[in-house]
Amino acid sequence: GWVVAHTHMVGGGFPDIVCSKGGITILVEIKDGLKPPSAQKMTVAEENFHLSWQSHIAVVHSVDDVYALHRSLFLV
């Protein structure tokens, strides 16, 4: 039931996707949880963007993270 817009090409540290459901919009940075931790680190631009953003934003490393994020937003 989520609407997802791919925004990985925006640059400047902007997250990979923007998701919306039930009046909630969240920006999501996707990191490959199968890579070593050093390869999952956010760039300086990503860190700065996350620190400056004043609404819902998250980083996910796995499908389980996506489900946990959904549950945290909708208490399911």
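A pocket, as used here, is an open set of points on a 1 Å grid where a 1.4 Å probe fits, with protein on both sides within 12 Å along at least five of seven lines, and a lining residue has an atom within 4 Å of one of those points. With that settled, here are some friendly remarks on this predicted model.

1. **The pocket and its lining.** The largest pocket encloses about 190 Å³ of space. Its lining is made up of Trp 2, Val 4, Ile 17, Cys 19, Ile 26, Val 28, Ile 30, Val 60, Val 66, Leu 69, His 70 and Leu 73. Two or more of these lining residues come from each of β2, β3 and α3, and α3 provides the largest share, 4 residues.

2. **Chemistry of the lining.** If you plan to look at this pocket, note its classes: 11 lining residues are nonpolar, 1 is polar and none is charged.

3. **The core.** Ile 17, Cys 19, Ile 24, Ile 26, Val 28, Ala 58, Val 60, Leu 69 and Leu 73 form the largest nonpolar core, 9 residues in total. At least two residues of this core come from each of β2 (17-21), β3 (24-30), β4 (57-60) and α3 (63-74). Strand β3 is the main contributor, with 3 residues. As a general point, nonpolar side chains in soluble globular proteins tend to be buried together.

4. **Ile 26 as a place to start.** Beyond its neighbours within four places in sequence, Ile 26 touches Trp 2, Ile 17, Val 18, Cys 19, His 56, Ile 57, Ala 58, Leu 69 and Leu 73. Ile 26 belongs to the core and also lines the largest pocket, so I would begin reading the model there.

5. **How the strands pair.** Strand β1 (residues 3-6) runs antiparallel to β2, with 4 bridges between them; here His 6 is partnered with Ile 17 of β2. Strands β2 and β3 are antiparallel too, over 5 bridges, and Ser 20 has Thr 25 of β3 as its bridge partner. By contrast, β3 and β4 are parallel and share 4 bridges, with Ile 30 facing Val 60 of β4 as a bridge partner.

6. **The β2-β3 turn.** This hairpin leaves 2 residues between its strands, and Gly 22 adopts a positive phi near 55 degrees.

7. **Two faces of β4.** Which residues of β4 lie on its covered face, and which on its uncovered one? Ala 58 and Val 60 are on the covered face, while Ile 57 and Val 59 are on the uncovered one. Side chains in a regular strand alternate between the two faces of the sheet. Both covered residues, Ala 58 and Val 60, are members of the core.

Terms used
Residues are numbered from 1 along each chain as its sequence is written. This is a predicted model: local features need pLDDT of at least 70, side-chain atom pairs count only at pLDDT 80 or more; totals for chains, interfaces and linings use all residues. Side-chain values use heavy atoms; hydrogens and water are left out. A nonpolar core is a set of buried Ala, Val, Leu, Ile, Met, Phe, Trp, Tyr and Cys residues joined through side-chain atoms within 4.5 Å. Buried means under 20% relative accessible area, exposed over 50%, partly exposed in between (1.4 Å probe, protein chains only). Contact means heavy atoms within 4.5 Å. Two strands pair if DSSP finds at least two bridges between them. Grid points are joined across faces, edges and corners, and a volume is the space filled by probe spheres set on the points. Ala, Val, Leu, Ile, Met, Phe, Trp, Tyr, Cys and Pro count as nonpolar, Asp, Glu, Lys and Arg as charged, and the others, Gly among them, as polar.
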